[in-house]
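This report describes the arrangement of two chains and selected residue environments within them. The sequence and the structure are shown first, and the account follows.

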Number of protein chains: 2
Amino acid sequence: MSEPQNIYDNPEFFAGYAHLRQTATGLNDVLEQPALWSLLPQSLDGLRVLDLGCGFGDFARKARRNGARSVLAVDISAKMLAAAKKQTQDPAIEYRQLGIEHLDLDGGSFDIVVSSLAFHYVEDYPAAVARVADLLAPGGRLAFSVEHPICTAMAAQQWVRDSDGHALYWPIDDYRLEGARKTKWFVDGVVKYHRTVESYVNGLLASGLTLRCLKEPEPVAGGASAVIPGLDLHRRRPPFLLLAADR
Amino acid sequence: MSEPQNIYDNPEFFAGYAHLRQTATGLNDVLEQPALWSLLPQSLDGLRVLDLGCGFGDFARKARRNGARSVLAVDISAKMLAAAKKQTQDPAIEYRQLGIEHLDLDGGSFDIVVSSLAFHYVEDYPAAVARVADLLAPGGRLAFSVEHPICTAMAAQQWVRDSDGHALYWPIDDYRLEGARKTKWFVDGVVKYHRTVESYVNGLLASGLTLRCLKEPEPVAGGASAVIPGLDLHRRRPPFLLLAADR
């Protein structure tokens with residue numbers, strides 16, 4: 001297996017991504033994060049949380065505000081972790097540089113494992129999920145989001161548009177051809193791994209987890225759609241796939 | 001709710017469909033049926049089977065050859081049932097004219113409930129699944145196939161092709177807009193109901209069933225692809241979604 005990609009430490013990528021997150025009107029904020037939180041218990045009181053691919057630590061800090069006893073927030077990017085630490089004054093949040101591929105943590109030591117838009121960067125999903133299942137305490141929950149396989153099937157990830165620029169439809173091809181897709185996102189050559197819905201779901205079941213929910217969230221009419229241009233497009237094909245499963 | 005559609009008793013539709021099935025080189029035979037059988041126990045010895053939307057009774061007869069104690073095979077189409085009965089000499093197979101929407105059967109009386117490409121004709125899927133869950137004996141299994149939501153999202157159900165007729169990609173639109181799609185299949189105005197993967201999966205979970213497997217089967221390279229023109233296209237987008245869940 002190749003070394004895990006660490007695109008977030010690329011200076012040009014990091015600058016673009018940091019700007020996107022700081023403006024905070026992106027799809028993650030209005031669609032993906034609410035859907036991810038809906039897969040967790042309403043209160044995290046006393047729970048031990050592991051956040052895989054924690055980025056700037058937004059989730060970790062919110063988890064603590066929602067009662068989590070502790071949060072271990074890991075990311076492969078040193079820059080992301082440095083930025084996260086700067087925004088955090090909380091001894092119950094620990095940031096650690098660690099790839100999802102190398103989780104040398106104690107088995108059964110987390111009640112909640114969460115991952116936001118990180119698993120599609122992981123080459124060996126079945127291995128990662130098996131490791132996560134082992135990290136969960138009995139009754140613990142894994143909840144995660146990925147870019148939807150409908151979106152990752154083709155590397156270009158673009159609407160087909162008419163000559164006036166209106167979106168006609170979203171194209172799909174090579175759906176069953178799982179593996180790397182090189183895309184441009186701030187910089188060229190960002191590698192994502194396309195997988196089928198079948199692989200995402202059956203990987204959980206193969207690790208002995210019980211599926212609790214599958215979500216393909218859509219923008220709520222009259223909600224943020226009014227202020228975020230183009231948000232309605234995400235009703236026409238699902239941008240995210242979210243799964244929740246219990247040990 | 002409107003009356004269930006009974007397109008299979010339309011003479012023109014029936015003639016076209018009967019011809020398709022009799023030639024037996026369709027996608028159902030090489031892809032959908034093997035995938036559906038893979039979701040069932042290897043032996044059906046002594047099990048009571050319910051087949052929802054049984055068509056010509058192929059599954060019912062094969063289930064008996066695989067040891068099923070009894071098969072109740074229901075369909076809404078009188079013509080289909082008449083044809084099925086003609087091909088069947090087996091007192092342990094009972095054919096009954098019954099829509100999936102009106103399953104007035106005894107709760108807990110089946111070990112296996114199977115349905116091949118019928119649920120996408122059912123308007124109220126959550127109600128149908130709840131009823132099926134009640135029909136299953138504890139430990140019993142529901143396994144079914146539907147046209148994949150990627151395929152049913154747009155009513156046209158056609159590849160976008162270049163001027164030479166080569167398939168460029170499969171178009172998606174209106175994915176989150178669940179409901180009726182009028183398509184042409186032998187005759188105009190065949191109504192299918194598009195649903196998201198989320199609805200298909202969460203409907204099972206909401207009925208108290210435990211998901212065992214999700215499949216998006218693809219043609220096997222070098223298999224039937226060699227003899228069925230165009231079969232390779234079904235690797236480029238999934239034609240079927242199959243789900244197995246246990247009570």
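A polar contact is a pair of N or O atoms within 3.5 Å; within protein, one atom must be able to donate a hydrogen and the other to accept it. The model discussed here is predicted. In this model, the side chain of S115(B) reaches the backbone oxygen of L52(B) at 3.0 Å.

**The surroundings of S115(B)**

S115(B) belongs to strand 4 of chain B, which spans residues 110–116. Its relative accessible area is 0%, so S115(B) is buried. When neighbours within four places in sequence are left aside, S115(B) is in contact with L36(B), L52(B), I100(B), A143(B), F144(B) and S145(B). L52(B) is thus both a contact of S115(B) and the residue whose backbone oxygen the side chain of S115(B) reaches.

**Aromatic pairs and clusters**

Over all chains, the structure holds 21 aromatic pairs. In one of them, the planes of Y8(B) and F13(B) stand at 80°, so the pair counts as edge-to-face. Both residues are buried: Y8(B) has a relative accessible area of 13%, and F13(B) has one of 0%. F144(B) and Y200(B) form a pair that is tilted. F144(B) lies in strand 5 (residues 136–147) of chain B and Y200(B) in helix 7 (residues 197–206) of chain B, so this pair ties together parts that are 56 residues apart in sequence. F144(B) and Y200(B) are both buried. The two pairs are set out below.

| Aromatic pair | Distance between ring centres | Angle between planes | Class |
|---|---|---|---|
| Y8(B) and F13(B) | 4.8 Å | 80° | edge-to-face |
| F144(B) and Y200(B) | 6.3 Å | 50° | tilted |

In chain A, one aromatic cluster is formed by F119(A), Y125(A), F144(A) and Y200(A).

Rings also take part in arrangements with charged side chains. R237(A) lies over the face of W170(A), at 4.2 Å from the ring centre. In chain B, the charged end of R237(B) sits over the ring of W170(B), 4.2 Å from its centre.

**The nonpolar core**

The largest nonpolar core has 86 residues. F119(A), L204(A), F119(B) and L204(B) are those with the most contacts inside this core. Not counting residues up to four places away in sequence, L204(B) touches Y125(B), V129(B), L142(B), F144(B), L209(B), L211(B), L243(B) and A245(B). F144(B) therefore appears among the contacts of L204(B) as well as in the tilted pair with Y200(B), which links strand 5 and helix 7.

**Relation of the two chains**

A turn of 180° with a shift of 0.0 Å along the axis lays chain B on chain A with an RMSD of 0.0 Å. This is the relation of a two-fold axis. In chain B, the C-alpha nearest the axis is that of P171(B), at 2.4 Å from it. Of the interface residues of chain B, 100% are also interface residues in chain A, so the copies meet through the same surface.

**T210(B) and its contacts**

T210(B) is placed in strand 10 of chain B, residues 210–215. With a relative accessible area of 26%, T210(B) is partly exposed. Leaving aside neighbours within four places in sequence, T210(B) is in contact with T210(A), A244(B), A245(B) and D246(B). T152(B) is 58 residues from T210(B) along the chain, and their C-alpha atoms are separated by 25 Å.

Key:
Residues are numbered from 1 along each chain as its sequence is written. Chains are lettered from A and ligands numbered from 1 in the order in which they are written. This is a predicted model: local features need pLDDT of at least 70, side-chain atom pairs count only at pLDDT 80 or more; totals for chains, interfaces and linings use all residues. Side-chain values use heavy atoms; hydrogens and water are left out. Helices (H or I, at least four residues) and strands (E, at least two) are DSSP runs, numbered from the N terminus. Buried means under 20% relative accessible area, exposed over 50%, partly exposed in between (1.4 Å probe, protein chains only). Contact means heavy atoms within 4.5 Å. Rings of Phe, Tyr and Trp (its six-membered ring) pair if their centres lie within 6.5 Å; planes under 30 degrees apart count as stacked, over 60 as edge-to-face and the rest as tilted. A charge sits over a ring if NZ of Lys or CZ of Arg is within 6 Å of the ring centre and within 35 degrees of the ring normal. Copies are superposed by least squares on the C-alpha atoms of residues with pLDDT of at least 70 in both. A nonpolar core is a set of buried Ala, Val, Leu, Ile, Met, Phe, Trp, Tyr and Cys residues joined through side-chain atoms within 4.5 Å.
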